[in-house]
Each structure stands twice: as C-alpha cells, then as structure tokens.
4 protein chains.
Amino acid sequence: MAAKKRIAILGASGYTGAELVRLLLPHPRVEIAILTADRKAGQSMAEVYPQFAGAALPKLVALDAVDWAKEALDLAFCALPHGTTQSVIKALIAAAPRTRVVDLSADFRLADVAAYARWYGHAHQAPELQKEAVYGLVEIHRRRIRAARLVANPGCYTTTAELPLIPLLKARAIDPAQIVIDAKSGVSGAGRAVKEAHLFTEVSEGIHAYGVGHHRHMAELDQEFSLAAGRPVVATFTPHLAPMNRGILATIYVQTRRKRSAEDLHAILEKAYAREHFVHVLPFGQVPQTRHVRGSNYAQIGVAADRVEGRAIICAVLDNLTKGAAGQAVQSMNLMLGFAETMGLLGRAVFP
Amino acid sequence: MAAKKRIAILGASGYTGAELVRLLLPHPRVEIAILTADRKAGQSMAEVYPQFAGAALPKLVALDAVDWAKEALDLAFCALPHGTTQSVIKALIAAAPRTRVVDLSADFRLADVAAYARWYGHAHQAPELQKEAVYGLVEIHRRRIRAARLVANPGCYTTTAELPLIPLLKARAIDPAQIVIDAKSGVSGAGRAVKEAHLFTEVSEGIHAYGVGHHRHMAELDQEFSLAAGRPVVATFTPHLAPMNRGILATIYVQTRRKRSAEDLHAILEKAYAREHFVHVLPFGQVPQTRHVRGSNYAQIGVAADRVEGRAIICAVLDNLTKGAAGQAVQSMNLMLGFAETMGLLGRAVFP
Amino acid sequence: MAAKKRIAILGASGYTGAELVRLLLPHPRVEIAILTADRKAGQSMAEVYPQFAGAALPKLVALDAVDWAKEALDLAFCALPHGTTQSVIKALIAAAPRTRVVDLSADFRLADVAAYARWYGHAHQAPELQKEAVYGLVEIHRRRIRAARLVANPGCYTTTAELPLIPLLKARAIDPAQIVIDAKSGVSGAGRAVKEAHLFTEVSEGIHAYGVGHHRHMAELDQEFSLAAGRPVVATFTPHLAPMNRGILATIYVQTRRKRSAEDLHAILEKAYAREHFVHVLPFGQVPQTRHVRGSNYAQIGVAADRVEGRAIICAVLDNLTKGAAGQAVQSMNLMLGFAETMGLLGRAVFP
Amino acid sequence: MAAKKRIAILGASGYTGAELVRLLLPHPRVEIAILTADRKAGQSMAEVYPQFAGAALPKLVALDAVDWAKEALDLAFCALPHGTTQSVIKALIAAAPRTRVVDLSADFRLADVAAYARWYGHAHQAPELQKEAVYGLVEIHRRRIRAARLVANPGCYTTTAELPLIPLLKARAIDPAQIVIDAKSGVSGAGRAVKEAHLFTEVSEGIHAYGVGHHRHMAELDQEFSLAAGRPVVATFTPHLAPMNRGILATIYVQTRRKRSAEDLHAILEKAYAREHFVHVLPFGQVPQTRHVRGSNYAQIGVAADRVEGRAIICAVLDNLTKGAAGQAVQSMNLMLGFAETMGLLGRAVFP
C-alpha cells in the first residue's frame, strides 16, 4: 500500500472544515495531520463536532502554532474567512514551497487584480499568487488543476451556475446578454457564524432573497462566463435563502441564439458531461431536486423548454458543502496528488 | 347589532376550507351555517381539524344533502376541486339565485371560453356563468366585485405575481415581452390530497421546480397581464416547491421601458398601493420574506435595481392560504355583503 | 364605545414582545401606548418586525426614557430578561402605583424568597413584591389574578405540565413521587438571542435534550405541584429542543393512586376544564399535536392508558409564545382590566 | 482482489431499500445483483431514486421473476412489508438453502411463536424459521449472527432503547419495573407509503405522540429486556413523530437498584461499549443529538443524573435508516460473509 499523503485543514471548526474532515477521514490515501481552529485550539474535533466521536484525529491547534516548513505537508486545505486567507497562504507557501494548497475562500478566485480591488474595496495582498492561482472548477479546468500549486476552489453558487452555462456560452448557443440566474441555497452556505438572520426561527418556514443586485459572487460569474463566451458577460443573479441545511438550486432563464431550441441546449450539455462522473444531465424536460444530491459530490442538470419561443429553463443542483465546497476541493486534491479523481467521493446522496 | 349573514363553505375538509373556517369563526358579521365535505360527512369539523375543538360549528354534511333554495344563504364559498365546481355552482345559483358565490377553484377565472377549452382540454359546463364571473383580485377589480353574484377568487401564484406587475404593465413601464417570474411556494398550496410527492420526506430539506414551461396558472396570468398591458402578454413562469407550509415568494425579473429606472417602478407601485390596507410596498432596495406575512392577509412587495442596466428585480410575498386563497375570498365577501373590507382580516403574521 | 386602556410593552424587540403586539394590535379595548427596546430605540416596530408594516404603533423607545408617573398607564407588560426585571418593575410600581403589571420573566414566579435565592444564586431585589405577586396560571388562580397589582406569568414549559397535573394532584389521584415529564419545545422559546446552538443548521433536522436534571423551570413546578398536592413534590422534568418554531408537547408519565384507572384521570381532567374556554380535554385515548394550537391561546390535553398496570400517559400541548407566554398574559390583562377573559384571544391555530 | 459476493435487495423501492443501495454501492466486497420492486418493475433505480443517476445497478424486477436457485446469491436483504415477508423468505430459503438472509421486517424478530400470534393476531407462516432466526442486534448477539442463515434485523426504535438498556439490565443495575422510554423519531421511519398523516403539512412544524400504550415494537422490547434481565420485563414506551427526516432519540428514565448512582450506570455502559466501533458513550452528563449521527451507522449514548434521588436519565440516538435499519443489516452481512464488521460503514454523520 502506498504511503499516505499528509494533509492539513486550516479552519477546521467551520462547516466547510467539518465537511473536509468527513470526506477525508475514510479517504484511503491521505492522513489528516493537522487541524487548525484558533478559537477552539486545544479542543478535540469531537468536542466541536460530536459526529467525530471516537475518530483518530489530531487536536485542534492555533494557526500560528504550526511550523509549515517542518511539517512538510503534501497539501493544505484553507477554509478560513475571506481576507485573512491571503496572508496566511502567502506565508505558508513562502515557508513550505512544496506544500500545495486548495483554498476554499474567495481570495484567489479572481485572476484580475483590478477586478478584485473593485469588488472587495482594497488591493490584494498576494497579487503574484492571485495570478498564479488556478480556478478549481474541475470539469472545466481539470488539466491546469493537476499541475497547480494553488487552487482557488469556486464558490457554491457559482459552481451551480457555471456547470450548465459555461458549455452553452462556449458553444455560442445562448444570448450572453439575457441570462437570469435565480438561485436558492440552504443555510449551511452561511457557515457557522452566529447571526440573528440565521437563527432557526428567522430561517425556517419561509423564504427570501438577499444581496439583490450586488452579491460578490457575481465577480466570479463575470470572469468565468466572459472567458467562456469570449466577450464580456454580465448576468443577472439573485441568491435566496431556503429553509434547508444543504443544497443549491439554480433556476436559469436563457434565450437561445441562432434558432437553437431548448433540446439543442440539452444536447450540448449532455455531450459536455457525457464522460464526467459527478455531473448528470437528466433526460430532456426533467428537473433535478437538491435533496437527491444531499451530502454527495454529484451535480444534476435539467433542461426544459419554456412556452415563450426561444427561451429555455435550466435547473442545476448540488450540495453547497460538497460539490459546492469541500467535495470539489477533494476532487482537486485527488488530481493534484495523482489519485483517482473520484477517490473518497463516491457516496451517493443521503435521501431521505 | 346587525343580524349575522348566513354563509356556507363547500369543501370544508381541504386546507382552503379550514382556512375559511379559521377566518370566519371570529368574524363579527357572519355565521357559518353549512359546512360540506362529502367523504367526511357526519363528522364534526374538530374531528377533521382538531384546532377547532370546542368551536360552535355545524357538522359536516354531503353536498347533495343541502337544499340551497331552503337554506337561502347569503353567500357560499366554494372550495371544491377543479372541474366538479362548475356544475355545483351552476346548480346552486339556479336553485338559489340570491345566494352569492365566491369560488376558490380555477373554474371561473378565465373569462374567455376558448382559452378555457384550450388550457383544460374540454368545453366549460357553465359558459354563461363563466362570462359573468368577476375575477376577484380585490385591489384591481374592487368595484366589480362589490356587485358580483359570482366571484372567481384568483390563484395564489397569480395573485403574488399580479399585484406587482399589473400596475407596472398599466403604466407601460416595463417590457411585456421580457417578464420572468420565478415563484417559490409552500406545500399547503398543494392541498391535503395524499400524494407521494408531498410526503414530509419528499419535500423537506430540499427544493425543486415543477410544471416547468406548462403550468396551468399561466392562463390566468396571460389574461390579467394582457388586460393590463392592452396587448397580448406571455410571461415566463416557473413554480417551485419550498420546504415550508405556507407562503409564496415571486422573484420577478423585468426590463424597464422608456428609460425608466428601478426607482421609477418602485414609485409606481408605491403610488398604486398607497391607500391599500393589505399591500405594503417596502422602501426601495428592501426585499420581503414570506414568514412576515405567514397566516395573514397581507402582501409585501420590494423593488431593487439589478446591476444590469434597465433591469429591475421585484420580490412579492403573501400567504398562499390567506391572501392567496381564503383571506382574499373573505375580503371579497366583505365587499359583496357590505361590510368593512378589512373585517376579520386584521391579524398580523404569526412570526416566529 | 368605552375608552381604550393605555398599555405598555417593555422589551418589545423580543419574540414575546412581538407576540404581545400581534395579540394586542386588534384588541378592541386597549391601545399600545409605549413600546420599549433599548438597543433598537428610535426604530419603528416594522423595522424590527416587518410583519407590522403599516400598523399604527409608537416608535420603540429606551426604557429609561419613559416617565411612568406621567404616562399613567393602565397596565404594563414586562418582557425583559430575567434579573433586570426586578429592579425595573420595582421602580415602575414606585413611580406609578396604579399601573398594573404582568411580568413575563421568571423573576416573580417563586413566592418563596429562599427558594428564589437557592435556584438563582442571589437574593431577590424586590422581596416585598415577590411575595405580593400572583402566579398567573389563569385557569388555576383566576380569582387572585383579577385583583392583582403584579402578575407573574408562568413559564411555557410549566404551564404545559401544570394544566394537566394540578387537577390530578389536587384530587390525590396520582402518586406525587412518580411523575416524569418529558417536554419538547419549539425554538422560539429560546427567544431572539443570538447563539450558535440556535442557528438553523444546529436545530433543524434533529432533536436533543438539554438542561437534563437541573433546569430552572423545575423550581416553578415544585412550587405549584406542592401547593396542589398539599405536600412537597419533586418531579422529573426533561426539556428537549424540537425543530419547529412554536409549540410545546409535554408527555407525562404518572402512576395512579387508590386503584384509579387512566379513565378516571381523564374524567377528573374533563370535569376540571369543562367550563374553560382555552383548555380542551380530548376524548379518552386521543393525543394532541402541537400544530393544532399553533399561534393560538388554546391548550389541548389527551389521556391514554399505558399497558403497564396503573400507569397513564398524558400529553398536553400549547403554543409557547401564546398560551405559554403572551396569550396567557393577555388573558390575565383581560381579567385585571375587567374585560371578557377571551377578548382578542379567539383566533384558532394557524394550521397547516 | 477477492471475488465480490452477489447480493439481492428485495423491496428496493422503499426507503430502507434505497438506504441499502446507498451503503452497498461503494462496498468493496459485494455486488448488487438483484433489485426487486413489484410496482416499479422495469424501471431503473435512478427513475425511482434520482440520487442513483449514472450508477451501475440492475433494473428493478418483480419478486416473482427471480429464480432463487439459479441466482445462487450469497445473501439477500429482505426489505418487504410485514406479513408478506414470511412466505417470501420461506420460499427463498427452500429454493436456495445456501443463500443467507437478513430480514428488515418485523416478521422474524419474535422468537416465541405464541408472542407473535398474540401481537399480530395470526399464526406465523414459517414457525420453524422463526425459531431459527437470530435477532440481529449486533453488539449483543454478534457471535450468533456470524453463523446465522436468517437474521432478523431489529427495529429502529428497539435498537435505540436496547443498546443502553440491555447492559444495565444484565448488570441488575436498574429496576426492570420502572423503565420509561420516551422515543422521538424522524418521518422516514414510516417509509414511503402514502398517507395523509405523513404529508409535509401534517408533520412539519409540530410534534405528537402516536400508538400510545399499544405500539407493536413493545413485543420486541419485552423479549430482549426479559432475556437480559432474566425475568419478565414490561417497559413503558411512547413513540413520537418529530419534524425531521432521520434520527431517533430515546430519552429513558430509570430507577437505579442497590444504591447505584447515575455515574455507576454510565460506567457500566462505558465498559460495555469500550471496544465497539459504532456505539459511543459520551462523557457523563452530556447528551447526544440525533443530527450528529445523521446518515451514519453510529449510535451515541449519554447518561445524566436526575435531581430525584436514584433516578437517571439516559439519552440514546441513532439514524433510524442506518444503524436502525440498513446500516445494522450491512453490519450483520459483513459478519455473515466474513468481512471486516465496519466495511462500508465508516461514513460519519452528514452534519450540518
């Protein structure tokens, strides 16, 4: 049996961190060597997440207590909040240039330093790394991910919208000026941060939009859609909070080009994902449900015709913590470390 | 004190019927004289809906057991399934021409007999009543409702979309060819019919679209939007099932006309509803949540600018069983029987 | 029409405060004159709770800004956190001796100053008021409430357990040493305080016990059960958090005395509540559901026989924010101000 | 690599069947050779459960279409409804005596034919198999399971109650006449059968007891508790339906014997499960939450002292579909086929 690769999870006390532990604990080729969580340092993972009772895991340590050079890790997952991430990864890579990094924050997703500064209101603190980082949408950028030192794992909303739209934009099959993305997310996407707006009583038994017209995920969509279309694309995107733990559904309204029908769009997507293990395109006219990908790394896409001529409705679903975060990060890790891409990710949805 | 009006609820064992009972039981000017429910005939309402334990209500009777002429009711609410409704109301009105009717099914909502036949696949069984029926969207057709013998209570989805869109279409402020309505509904909208798709396990912890591209509510939207716009309007409409009991949120994407801004649309709606008790337009840029109208007859509308030039995003919410069904029906009843329009409907949302 | 009584709600930004506003807004005999909320002072109620959009309500003010003497209120509801309440009410009553008070905190529920000090770890700050305060379990202490200057509204858990158990203890029908109360509560019972444990993700899709063996509500149970039994009673009580907004279910296990059967217990309860409007005893063997009292001031009680000889199982339900808090407080207010006891409280459960 | 064992799942269209597929699909040593589902025969598993899109699985076939002798399966899981199961398994074993069977229905759980007849109202149809069947509570009957031809997988409620209580009864540490089990279950325990009582609207946002005093699971508890205690034991058991998909929490009230303390009970359980992989006893005083075992084969047990002298409160949790059904069945299969007991079952809870 091959030696296990040593990996670290930075920010293990957040939901994304916990999901990484869930996926990596039974992974046959890696060993979780380090778990950091500043405010919970000294505690066991089971104290913070009782589902890990009895598991052989290192204690949580503070980030500053780790000597990256000495640890000589094969790979570090960084699940820290936006902003602090830049300097942490900069320091980590400086100290341990052979440790590869998958970053799950938004910090390295925008390749354009000017776009970053515009959306986030300040200059990037590691601009050279920002340029080097590979956008980790695996089905689209697989080859570059394999060789990357730093992968910027895509956002959960953006993955959901990009999987169906990038092949259609590349094929010039839809009007890039007429894209409307109405996205609905479960609450775990907001993380474990304690806010009134995410109390059970404020989220259950109701639904609402938020960040209407100005959500930061739009920058990421602009980048990838424009790349795919070969021209600037600005889509309409509205996120909603739905009363469920996990899952994102993006209902996408598009206008076809060049007399393409909704069936044509479906055929393009079927072809694009025919050989992909984690992305399923449903039979034409069928729509997916988030519950059927719950807890799994799978995404499902459905395409239907609208009664309005030339308009199609596309529904895409994934689990925001898995394919939308930790699962896709592990998928990248598998590529970067030379494992089978699907290793440790074959679990199907926990439904019901 | 004025004598109480005698009313009947046909189909009291469904959720809409139960909601009518909830609203009418404490209503100061009416008396529930008859409750019908064919399969539950002989039972008390409290046996079917334990929340009515101890309430003074008539026993459930079979529809056929009621002598409409003899009962001489002031008003009957008809909450029966689509299809059977037509003949029931036809017979009722023939037997008791002075009994007024508010029908909560879809049977009398389409004024155009041809449109009805096209959408439902058969000729209407009471075409003369169909033409006479007044579409009961109170804020829009108030005057005609007051005098109506038969009111066709609008659907829950359609009320949610029509309240914000009709004033904008009337004002020629938006492009009628570019309307996208993405609607999310609670499960009570599906009624108490027993279907696998509505089991707790199949609905909770997930979200999905249904009836994509071909939902029957579209016929109603076409009628009212075309009337408002003065030209044929065909909107894109996608319903979704959200894991909650009550509430509809319609997120509506529109393109402004004649250089109108999103703020202009907001101003039009504010003006249109300035004197309405049950429709609140939130300050510009704010979006409503379904939970804040839960169990109430209120609707809330929010308008925000999209970052795409000339595009606005409108969110409208209501409770599908109240303002979207029984509440609006009672609002019509109040008008028809000469009561204050808000009587019995002043309860605010049960939140949390 | 009689002049409206002027009332205040202290602590209007909490869930109990909001529920008081919901119940009192359409109440025909009172006027909400003052709403306090220190951290939200200056805001409108609709900003804090959007369900009150458009309602004629005073702005939120800081507690210190109110001149109790000058306001000469008829009654004040105090929905402030435990601890601060004592001094606030002491000062209020000193300044305005004719203003009556219904306190919804735990501060005045224990008549015994020693018991208070033991359970809360410090001496009571208004011991003379503590002795004067009437425990506001309306169905049990109605006469004393009518004349009280200060009513201590019971806790939600305790009301649920006391309604079925007090009549049985009074009748000496059950063994006071063998009472087990397994209670399940919705999350709104925890208030709007922002805690990790009450995030949607931490509460939904799961259930758990808390405060096992040492919950403060036990002091209240001890007091009322002992009073009813005429001897010291110490019951076993375990609260649980269930993934729902509202509702408490207490499943109570008792051992009958003197060869009483479960049917005998049922008969005792039926008789005890035969004339009560808000407490319904279901037919023998039937059990109530919390959803059938949701948003209402009603409580329901069911009694069933266990297969173990001499053991009975009693289920009691109510809405923790209504009959378990604000509703019962309004019920007391109605008595104190000479209104019909049921005024403003006749709304039936919002179900589904 | 060893050849894969060929297994069948009878009744694959139910939730337990789907859970078996979820667990067995990535299992390294078995191949799902046959999936039966009478009403869905001819469909693919992905049509019935979209989470299996793309998976290599046999089509669903009718039970009668399978030739057991010819298939020569290594093991069959039987997830059919109670009643029909007896004759199906009898026929299967007659045709293929070397095919081992794990039955997930209640049909073979009672070793005593008289008890079976009493609880189910009719004689058992395969009494000789009933006697042979081994009760599949793995941690208690592991040795016999290994050699069994027919394993009767325990019920979900019973597993939850038996895991903590059997070691305490064996140790004579608690009074067998004073056991109260208050159990709360998620809705998936009711299966995919379409009933009004299990509609989303009838289950969400509320909680209630059912089957009070006379639930069939009691027969199983009696059998195992009496076996452990060495004398007849009749416990009080009340099941509740909680608004969640998965999970059972049993809150158990016990009286200690021979001056044992709650800590003593904790020590007994810690010792009993010290070497068990799937059962974790939490530190004294801590209580488990169902969400922390969601989707996993783990169970957690907590013990706390009651303030009533000599009384202890025990909370046990598991996932009703995994450790309470399919997971425990796979655990038995692993033993029966000579695999590592934990194979394919190491996934931790999907939380949040």
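A polar contact here is a pair of N or O atoms within 3.5 Å; within protein, one atom must be able to donate a hydrogen and the other to accept it, and residues adjacent in sequence count only if both atoms are side-chain atoms. This is a predicted model, in which local features need pLDDT of at least 70 and side-chain atom pairs count only at pLDDT 80 or more, while totals for chains, interfaces and linings use all residues. Residues are numbered from 1 along each chain as its sequence is written, chains are lettered from A and ligands numbered from 1 in the order in which they are written, and side-chain values use heavy atoms, with hydrogens and water left out.

**Two residues inside their chains**

Let us start with B:T158, whose side chain reaches the backbone oxygen of B:G155 at 2.9 Å. B:T158 belongs to helix α8 (residues 156–170) of chain B; helices (H or I, at least four residues) and strands (E, at least two) are DSSP runs, numbered from the N terminus. With a relative accessible area of 0%, B:T158 is buried; the term means under 20%, against over 50% for exposed and partly exposed in between, with a 1.4 Å probe and protein chains only. Setting aside neighbours within four places in sequence, B:T158 is in contact (heavy atoms within 4.5 Å) with B:Y135, B:H217, B:E220 and B:L221.

Over in chain A, A:A33 sits in strand β2 (residues 30–36). A:A33 is buried too, with a relative accessible area of 16%. Beyond the neighbours within four places in sequence, A:A33 is in contact with A:R6, A:I7, A:P58 and A:L73. The C-alpha atoms of A:A33 and A:A76 are separated by 9.8 Å, and the two residues are 43 residues apart along the chain.

**Backbone features**

The table gathers some backbone angles.

| Place | Feature | Angle |
|---|---|---|
| B:F351 to B:P352 | cis peptide bond | omega near 0° |
| D:F351 to D:P352 | cis peptide bond | omega near -5° |
| C:A72 | positive phi, not a glycine | phi near 45° |
| D:K259 | positive phi, not a glycine | phi of about 60° |

B:P352 lies in the segment after α12 (322–336) of chain B, and D:P352 in the segment after α12 (322–336) of chain D. As for the positive phi values, C:A72 is in the loop between α3 (68–71) and β4 (75–78) of chain C. D:K259 is in the loop between β11 (248–255) and α11 (262–272) of chain D, and at 85% relative accessibility D:K259 counts as exposed.

**Symmetry and cavities**

Chain A can be laid on chain B with an RMSD of 0.0 Å by a turn of 180° and a shift of 0.0 Å along the axis, superposing by least squares on the C-alpha atoms of residues with pLDDT of at least 70 in both. The two copies are therefore related as by a two-fold rotation axis. In chain A, the C-alpha nearest that axis belongs to A:P243, 3.2 Å from it.

A cavity is a set of points, on a 1 Å grid over the protein atoms alone, where a 1.4 Å probe fits but cannot get out; lining residues have an atom within 4 Å of a point. The count comes to 6 cavities of 30 Å³ or more, and the largest cavity has a volume of about 220 Å³. Of the 18 residues that line the largest cavity, the closest to its centre are A:P243, B:F200, B:P243, C:P243 and D:P243.

Notes: On a 1 Å grid over the protein atoms alone, a cavity is a set of points where a 1.4 Å probe fits but cannot get out, and a pocket is an open set with protein on both sides within 12 Å along at least five of seven lines; lining residues have an atom within 4 Å of a point. Grid points are joined across faces, edges and corners, and a volume is the space filled by probe spheres set on the points.
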